[in-house]
Amino acid sequence: GGGQVRYSVPEEAKVGTVVGRVAQDLGLEAGEAEALRLVSQGRRASVEVSGASGALLVSGRLDREELCGKSAPCALRLEVLLERPLRVFHVELEVTDINDNAPIFPAARKNLSIAEFTTLPGSRFPLEGASDADIGANAQLSYTLSPSEHFIIEEENSKSRSKSLFLLLTKPLDRETVAVHCLSLTASDGGRPSLTGTMELVISVLDANDNAPRFNQSVYNVFLPEDALEGTLVVRVNAADPDVGNNGEVFYEIDTIVPPSGSDAFSIDSKTGEIQLTGALDFEDIPFYDLHVKATDKGTPPLSGHCKVVLELLDVNDNAPEVRVTSLSVPVAEDASVGTAVALLSVWDRDSGANGRVRCSVWPASPFGLVSTMPGSYSLVVREALDRERVSEYEVEVRAEDGGAPSLRGSRRVRVPVSDVNDNAPAFAQAVYTVLARENNAAGAELARVCARDPDEAGNGRVRYSLWEGGGGWSASSYVSVEAESGRVWALRPLDYEEVQVLEFEVRAVDAGEPSLCGNATVQLWVVDENDNAPALLPAAGAGVGAPGWSASGAGADAVSVSLWAWAAWGAPAGQVVAKIRAVDADSGYNAWLRYELWEPRGKGPFRVGLYSGEVITTRALEEADGPRQRLVIVVRDHGEPSRSATATLSVSLGEGGEAAAAAVDSGSSRADLRAATSAEDGMVTAATNAWLVVAICAVSGLLVVTMVLCVA
């Protein structure tokens with residue numbers, strides 16, 4: 001925001017004088033007055049803002065002449081800053097003049113020499129007038145001369161900037177009557193009350209030379225560029241004296257220079273009247289010079305003529321613009337709105353006219369721009385949206401260029417860091433992580449590692465991970481955990497392919513910003529099967545444990561030996577199926593692919609076993625010579641690495657059709673009686689084995705269904 005108020009205060013006002021109630025005039029709240037801060041531009045201002053009342057007070061001596069010299073009006077440009085949010089208000093303070101300076105003559109005493117009689121009434125002798133540091137009516141001077149019958153004071157308004165003052169002779173002088181006239185010249189200003197200054201005039205009356213040198217111009221107006229080199233001819237003045245001999249021979253000298261500081265900048269050739277430059281000029285320091293030149297003859301007494309050279313300097317573009325940072329509010333948040341003020345700058349050029357007109361710009365192209373609040377004051381503001389993750393700091397150069405030819409430039413670099421806000425959510429490298437893990441892994445093993453990046457800094461970019469259940473039949477948190485700091489996925493317990501084939505869950509990454517942002521990734525954990533289950537032999541259709549046709553021995557579900565019996569009639573042709581060995585494997589793939597091998601008897605026998613079907617088939621027609629019973633040992637193996645196996649012992653009774661069946665039944669009864677007689681423990685083992693086989697069949701069926709569903713998905 002911004003505003004402007006104007007006040008005026010007389011110079012030399014007492015310390016503590018209230019100039020104006022800034023906080024009230026700017027419409028600020030009561031509590032905002034304490035945050036006001038005053039910034040002056042250029043000149044030192046002896047004022048301050050009271051934090052208690054918000055009033056603008058005089059804090060030191062206010063001297064209008066020291067602050068502004070002869071410039072009118074004397075206006076001081078001030079800036080009042082209000083921070084959080086940053087606002088600037090412009091205050092213009094005019095220091096008005098009071099009559100606090102009396103007129104001052106260049107010298108307390110002026111000596112003049114005037115020849116008797118030859119100096120005619122009406123002759124004028126130029127005097128250097130008094131000066132008054134005040135302005136306006138307080139600097140309007142009038143002159144009075146002490147009573148004299150021979151002299152009066154005459155003022156002449158020429159086209160120059162200052163009045164010409166002359167001492168006018170009204171009556172011829174007689175040296176023998178009065179050799180020296182002592183007069184008092186008083187200068188009075190227009191103030192109320194009026195102040196005065198006095199100079200003593202001592203006039204010596206001389207004899208002899210009665211013609212004074214006379215210049216061809218009473219005032220020479222000269223224009224000279226301020227960058228003129230030493231030795232440059234300023235002007236040539238010329239005075240003529242109608243006298244002859246020494247009385248008509250003229251030499252020149254510079255009587256006085258206004259201001260006196262320019263006395264070393266000019267010299268005059270006493271013979272030719274050429275005025276040359278002997279020092280450097282600066283339009284910005286002194287734009288005008290008045291040179292009072294005197295031409296004196298060599299008569300006795302010598303006579304003088306006077307003229308004035310008014311030198312006006314022409315400005316050249318010799319001052320580059322200056323840029324100053326008056327206030328800087330950094331760092332700026334990356335979510336700062338367009339128009340937010342970052343810095344306040346003051347720009348000025350000491351040159352005048354087009355040479356002092358300044359254009360400002362920002363380089364290089366950036367999201368910042370300049371807004372002019374008043375002549376010479378700019379605000380550096382946000383023009384576009386900022387993004388710290390793209391650019392975290394800007395080096396902005398504010399360039400100022402004047403309108404001179406050639407133009408001059410000034411610049412100021414402003415470093416603008418951008419502070420972070422939590423505007424980026426953590427992002428995973430992958431939306432879906434596919435992980436393979438072998439079953440029977442160790443608890444505490446590292447299964448995978450997920451990683452999310454957050455381009456924000458500090459807490460806004462610090463990421464923590466957590467496990468999020470995505471639904472489904474299995475609770476992932478009972479199998480795995482996610483380390484919050486690193487994103488490592490750990491196994492809580494060994495995995496069992498036969499229990500679960502795939503776990504799908506989400507990992508959530510949350511940053512520490514306020515408010516926090518999060519990102520998700522899906523983890524698909526596929527359990528890789530290992531050959532950890534041996535083939536399990538199944539009973540023949542319609543058979544049960546201990547019933548004729550099937551019996552098992554071994555350790556529970558991993559029964560590795562099964563006894564089977566069957567019958568066949570003599571004369572059965574080749575290719576007849578006598579029995580079929582059935583087995584299942586709870587593993588999958590190659591680990592569950594079974595093959596059947598006839599282990600005993602070796603060599604050529606009446607039976608063979610189908611490699612993958614498990615069918616026991618006659619290889620030729622059965623004969624009585626084959627005996628009443630054949631014992632076959634069949635090994636069932638899977639294709640795992642290493643492979644696992646189970647053994648089936650098949651007893652085949654041979655005979656006529658009825659006899660073979662009865663023998664098979666008797667054999668089965670004998671075997672059942674034998675098992676019952678061994679121990680009750682064998683019965684418990686057999687029951688456990690039967691239960692395991694039922695569970696295995698259900699598991700394989702369920703696995704098949706799940707596999708089909710996954711394939712379709």
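## A tour of strands, sheets and cysteines

Select strand E24 and strand E26 (residues 341-348) to begin: the two run antiparallel and are joined by six bridges. Strands (E, at least two residues) and helices (H or I, at least four) are DSSP runs numbered from the N terminus, and two strands pair if DSSP finds at least two bridges between them. The model is predicted, so local features need pLDDT of at least 70 and side-chain atom pairs count only at pLDDT 80 or more, whereas totals for chains, interfaces and linings use all residues. Residues are numbered from 1 along each chain as its sequence is written, and side-chain values use heavy atoms, with hydrogens and water left out.

**First stop: the antiparallel sheet**

Within the pair just selected, Val-323 stands opposite Val-347 in E26. Extend the selection to the open sheet of four strands, E24-E26-E29-E28 in order, in which the pairing is antiparallel. Strand E24 (322-328) and strand E28 (368-374) are its edge strands, each pairing on one side only. On average, neighbouring strands here are turned by 30° against each other, direction ignored; axes are lines fitted to C-alpha atoms, and angles run from 0 to 180 degrees between N-to-C directions.

**Second stop: the mixed sheet**

Next, select the four strands of another open sheet, whose order is E16-E23-E22-E19 and whose pairing is mixed. Strand E16 (219-225) and strand E19 (250-258) stand at the edges with a single partner strand each, so one side of each has no neighbour in the sheet. From one strand to the next, the twist averages 25°. Zoom in on E16 and strand E23 (residues 304-314), which pair in the parallel sense over seven bridges. Here Phe-223 stands opposite Glu-312 in E23.

**Third stop: a covered strand**

Move to strand E12 (residues 164-169), where six of six residues are buried, that is, under 20% relative accessible area (exposed is over 50%, partly exposed in between; 1.4 Å probe, protein chains only). Ser-164, Phe-166 and Leu-168 point one way from E12, while Leu-165, Leu-167 and Leu-169 point the other way. Now add strand E9 (residues 124-127), which pairs with E12 in the antiparallel sense over four bridges, and strand E11 (residues 151-156), which is antiparallel to E12 over six bridges. Leu-168 in E12 stands opposite Arg-124 and is also the bridge partner of Ile-152.

**Fourth stop: the cysteines**

Select Cys-68 and Cys-74, which form a disulfide with sulfur atoms 1.9 Å apart; the term covers a pair of cysteine sulfur atoms within 2.5 Å. The structure holds one disulfide. The torsion about its S-S bond is about 65°, so the disulfide is right-handed. Cys-68 counts as buried at 9% relative accessibility, as does Cys-74 at 1%. Then colour Cys-182, which is exposed with a relative accessible area of 54%, and Cys-518, which is partly exposed at 41%.

**Last stop: the whole chain**

Finally, display the full chain, which has four helices and 50 strands. Of its 713 residues, 42% are buried. Its accessible surface comes to about 35700 Å², of which 52% belongs to carbon and sulfur atoms; such areas come from the Shrake-Rupley method with a 1.4 Å probe, and for residues only the protein chains shown count as cover.
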